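Colleague: I am new to this structure and would like to go through it with you step by step. Could you show it to me before we begin?

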Amino acid sequence: MHQTSSRLLRMTDDDRPFTKDFKDLFSTLVVSLLPLSAHRVRLTKVEHTFLSEDAINNLGSLKFSQSNRMPDPKDPTRIVTTTTTTTFSMARDMARAICQRFLDARFIESADGRLQQVYSPKGSVWQLTPKGITILDRFCARNGIQQKHVQELVGNSATQLVILERNTSTDKLVTDRGTIEVIFRRFVGTQGFNIKPNISSADSDSLNEYRDGVTGVKMASERKVNGKIFKDTFTGKAACDWLMDCCTTVDRREPIEVATLFVAYDLIETIVQDRAYMAQNPSATQFQPTKHAIYQLSTKGKEVINGSGSRGRSSDSEAVPQTRNVIARDSNTQRLDKILSDPALRLLFRENLRETHCEENLSFYVDVEEFVEACRYAVRAAQKNPSSSAMDGVKEIMAQAYGIYNAFLAPGSPCELNIDHQLRNNLAMRMTKAVGQDSAMIDTLKEVTTLFEEAQNAVFKLMASDSVPKFLRSPKYESTLRHYDFDSILPGRAPERSLSRSNRS
């Protein structure tokens, strides 16, 4: 069976591609068509590089196919192959603009070691950054891609990115105070409870400062300003460089937004403002992303790093998963509800799941949440107006369903989940059934949605019983979790402050 869909880049209100589509497009380019080979740069051959024109030409018509072979549930001797093909297409000017966005997002960089901000259309040689390699690695792991040139590239370098959460409807960053404080701890470079500043040549333009994603922002041990000595200072430019290199930010405006909140939440304080920048950007009164603006950690920021600062309340406007009403309530399911309803806790929980090699559980849970919402919208639109464009939306949702199934639920899938055998068999039977007319496709989607939700409930219970206790016992997160009310779950420690539950946007 073959399922095809045409993929259009969804655009946000501020005229940029949705982050998930943007990252998928980048990874598809690298995996599908873009030749990564050795190119000569200043008399030296640099491996795993590509030319400007190669990327622009290949973006004109991209195809990404996934095939999954499995025994037919009704006849184990028969092998059923399902293939989904997603295509991207764009004009040449659009392709050039997308390449510029790849550069702005720090997915790619010039292979000559120089900081380059403009994607030159001819002759330039480019390579993936550690951030770009990590984005590619996560895409390949999810889709079971094992191409040799991709494996070699991923084996060379990757970074521990901070996976930022976004509002599924607007694609805006989740920026409640708790989440900003989690980002801030990584920004300073703390893995435990002590401040370990990255003392380096703080004003350099080196491209190699944040290659591992763990090192904090570049700081000067001492800096003399107006006759006074300040310790552990950093520039606005260094702050934005870290937030762009070490987080899943994709637009130059996003690190400025986060750093501005560092100031607004009194985590950092200004030593010197860049008045020239402020004159050109009158709204930039709190933070200026330049070499001439100097900042340091505030007393409040140091308290947050050391685990003694109180936490802000969650935003009331961010999306949260619905409570699993079909699951019997017990302490761990209630705790998981609390974790999933708080953006900062979700960010930490995902990090912990990644460390314990079971991040796929949360990824599946979130993917199904988004799929169900998109599916219901597409089905309603098609039933109300069964035009070709509406049915194209249904076909794209069906391709998304196969993507989730092949990644998490098919036998031998790259992120195979631990679910009940009968449920897995029911899913296989449904997914291997050929899709005929459009009306049959809508009925299929409804059935698939029901089965996905059953699997989602099973994964919820697994996370609650296994992952939540490990997360709450982890010494790494103790100083943060002590400020949340988990019904006194931390041994010997009474809750100090509870956070309000967010509402679904």
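Modeller: Please keep in mind that this is a predicted model. Let us begin in the sheet, where S3 and strand S7 (residues 125-128) run antiparallel and are joined by 3 bridges.

Colleague: Which residue in S7 stands opposite Thr-49?

Modeller: Thr-49 also takes part in the pairing of S3 with S2, since it is the bridge partner of Ser-37. Towards S7, the residue that stands opposite Thr-49 is Gln-127.

Colleague: How many bridges join S2 to strand S3?

Modeller: Strand S3 covers residues 44-51, and S2 runs antiparallel to it. One of the pairs between them is Ser-37 with Thr-49. The number of bridges joining S2 to S3 is 4.

Colleague: What is the order of the strands in the open sheet?

Modeller: The sheet is formed by 4 strands with antiparallel pairing, and strand S2 (37-41) and strand S6 (108-110) are its edge strands, each pairing on one side only. From one strand to the next the twist averages 60°. S6 is joined to S7 by 3 bridges, and Ile-108 stands opposite Leu-128 in S7. Read across the sheet, the order is S2-S3-S7-S6.

Colleague: Where does the largest nonpolar core lie with respect to domain 2 and domain 3?

Modeller: This core has 91 residues, and among those with the most contacts inside it are Phe-184, Trp-242 and Leu-409. Helix H16 (residues 438-473) gives the most to the core, with 14 residues. Because domain 2 (177-306) and domain 3 (332-483) both give residues to it, the core lies between them.

Colleague: Which residues does Leu-409 touch, leaving out those up to four places away in sequence?

Modeller: Leu-409 belongs to the residues with the most contacts inside the largest core, as does Phe-452. Counting only residues beyond four places in sequence, Leu-409 touches Phe-364, Ile-404, Leu-417, Ile-419, Arg-424, Leu-427, Phe-452 and Ala-455.

Colleague: How many residues are in the second, separate core?

Modeller: This core is separate from the one just described, and it includes Leu-36, Ile-56, Leu-103 and Phe-107. Its number of residues is 36.

Colleague: Is Thr-19 buried or exposed?

Modeller: Thr-19 lies in helix H1 (residues 19-32), and, with neighbours within four places in sequence left aside, it is in contact with Arg-166, Asp-171 and Val-250. Its relative accessible area is 3%, and the limit for the buried class is under 20%. Thr-19 is therefore buried.

Colleague: What is the distance in space between Ala-293 and Ile-271, C-alpha to C-alpha?

Modeller: Ala-293 lies in the loop between helix H9 (275-280) and strand S12 (294-297), and at 0% relative accessibility it counts as buried. Not counting residues up to four places away in sequence, Ala-293 touches Phe-234, Thr-235, Gly-236, Val-272, Asp-274 and Gln-288. Although Ala-293 and Ile-271 are 22 residues apart in sequence, their C-alpha distance in space is 7.7 Å.

Colleague: Why is there no bond from the sulfur of Cys-247 to the closest cysteine sulfur?

Modeller: Cys-247 counts as buried at 1% relative accessibility, and Cys-140 is also buried, at 5%. A disulfide requires two cysteine sulfur atoms within 2.5 Å, and the structure holds 0 disulfides. The closest cysteine sulfur to that of Cys-247 is in Cys-246, and the two are too far apart for a bond because the distance is 6.5 Å.

Terms used:
Residues are numbered from 1 along each chain as its sequence is written. This is a predicted model: local features need pLDDT of at least 70, side-chain atom pairs count only at pLDDT 80 or more; totals for chains, interfaces and linings use all residues. Side-chain values use heavy atoms; hydrogens and water are left out. A nonpolar core is a set of buried Ala, Val, Leu, Ile, Met, Phe, Trp, Tyr and Cys residues joined through side-chain atoms within 4.5 Å. Buried means under 20% relative accessible area, exposed over 50%, partly exposed in between (1.4 Å probe, protein chains only). Helices (H or I, at least four residues) and strands (E, at least two) are DSSP runs, numbered from the N terminus. Domain bounds come from an automatic or database domain assignment. Contact means heavy atoms within 4.5 Å. Two strands pair if DSSP finds at least two bridges between them. Axes are lines fitted to C-alpha atoms, for helices over the stretch in contact, and angles run from 0 to 180 degrees between N-to-C directions.
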